[in-house]
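The exercises below concern one protein model. Work each one from the coordinates, then compare with the solution.

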Amino acid sequence: MEFEINYLAVLASGVIMMVLGYLWYGPLFGKPWMKLVGITKSDMEKSKKKSMVKEYILMAISSLVLAYVFDHILIAFGSSTLVMALQGAIWTWLGFVATTMLGGVLWLKRSLNLYFIDAGYYLVGMILIGIVLTFWK
């Protein structure tokens, strides 16, 4: 099977994940997420002053790896329609992300609401990435 990775689409997908993360953990769910993880606004200000460059770089790399591997999955299954992109995103998320992240709830006793916020970020992100990777050929 021949893989034709569109590296610009993978790069764009990584950027999409970073922008989504900014919105998801900022204006959309930032306050409830901070409360659930025990971070205050003051803690966030201290972190900003300390510089979070390393964390952003590592998250950007993680987003690129996710997009790159997900592109392989979509290519392997011949994703070429919106329905296929959505199915690929949802099934991949369900099989690998949702199940893995559930361990934090079961074994680390993290809040189910925190699980929904964090897992939801990846679901929406993978749907967006699936659409980009399927249609940007």
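**Exercise 1. Place Ser63 in its helix and classify its burial.**

Solution. Ser63 lies in helix α4; helices (H or I, at least four residues) and strands (E, at least two) are DSSP runs, numbered from the N terminus. The model is predicted, so local features need pLDDT of at least 70 and side-chain atom pairs pLDDT 80 or more, while totals for chains, interfaces and linings use all residues. Residues are numbered from 1 along each chain as its sequence is written, and side-chain values use heavy atoms, with hydrogens and water left out.

Next, apply the burial classes: buried is under 20% relative accessible area, exposed is over 50%, and partly exposed is in between (1.4 Å probe, protein chains only). Ser63 counts as buried because its relative accessibility is 2%. Finally, list its contacts, meaning heavy atoms within 4.5 Å. With neighbours within four places in sequence left aside, Ser63 is in contact with Gly14, Met17 and Met18.

**Exercise 2. Compare the span of helix α4 with the expected value, and find what covers its buried residues.**

Solution. The expected span of a helix is 1.5 Å times one less than its number of residues. Helix α4 (residues 53-76) has 24 residues, and its first and last C-alpha atoms are 35 Å apart, close to the expected 34 Å. Its buried residues are Ser63, Leu66, Ala67, Phe70, Asp71, Leu74 and Ile75. Their cover includes α1, α5 (82-106) and α6 (112-135). After α4 comes Gly78, with a positive phi near 65 degrees.

**Exercise 3. Describe the fold as a whole.**

Solution. Count the elements: there are six helices and zero strands. Then take the dimensions: along the principal axes, the C-alpha atoms fill a box of roughly 50 × 30 × 20 Å. Of the 137 residues, 32% count as buried. Among contacts with a separation of 6 or more, 81% join residues 24 or more positions apart.

**Exercise 4. Find the aromatic pairs and classify two of them.**

Solution. Rings of Phe, Tyr and Trp (its six-membered ring) pair if their centres lie within 6.5 Å; planes under 30 degrees apart count as stacked, over 60 as edge-to-face and the rest as tilted. A search of the whole structure gives six aromatic pairs. The Trp24 and Phe29 rings have centres 4.7 Å apart and planes at 50 degrees, so this pair is tilted. For Tyr121 and Tyr122 the centres are 4.8 Å apart and the planes at 70 degrees, so that pair is edge-to-face. Ring pairs also link Tyr25, Trp33, Tyr121 and Tyr122 into a cluster.

Now check the accessibility of the rings' residues. Trp24 counts as buried at 10% relative accessibility, and Phe29 counts as partly exposed at 31%. Tyr121 is buried, with a relative accessible area of 4%.

**Exercise 5. Determine the environment of Trp93.**

Solution. Trp93 is located in helix α5. The residue is buried because its relative accessible area is 14%. Not counting residues up to four places away in sequence, Trp93 touches Ala98, Ala119, Tyr122, Leu123 and Met126. As a backbone check, the C-alpha atoms of Trp93 and Gly120 are 9.6 Å apart, although 27 residues separate them along the chain.
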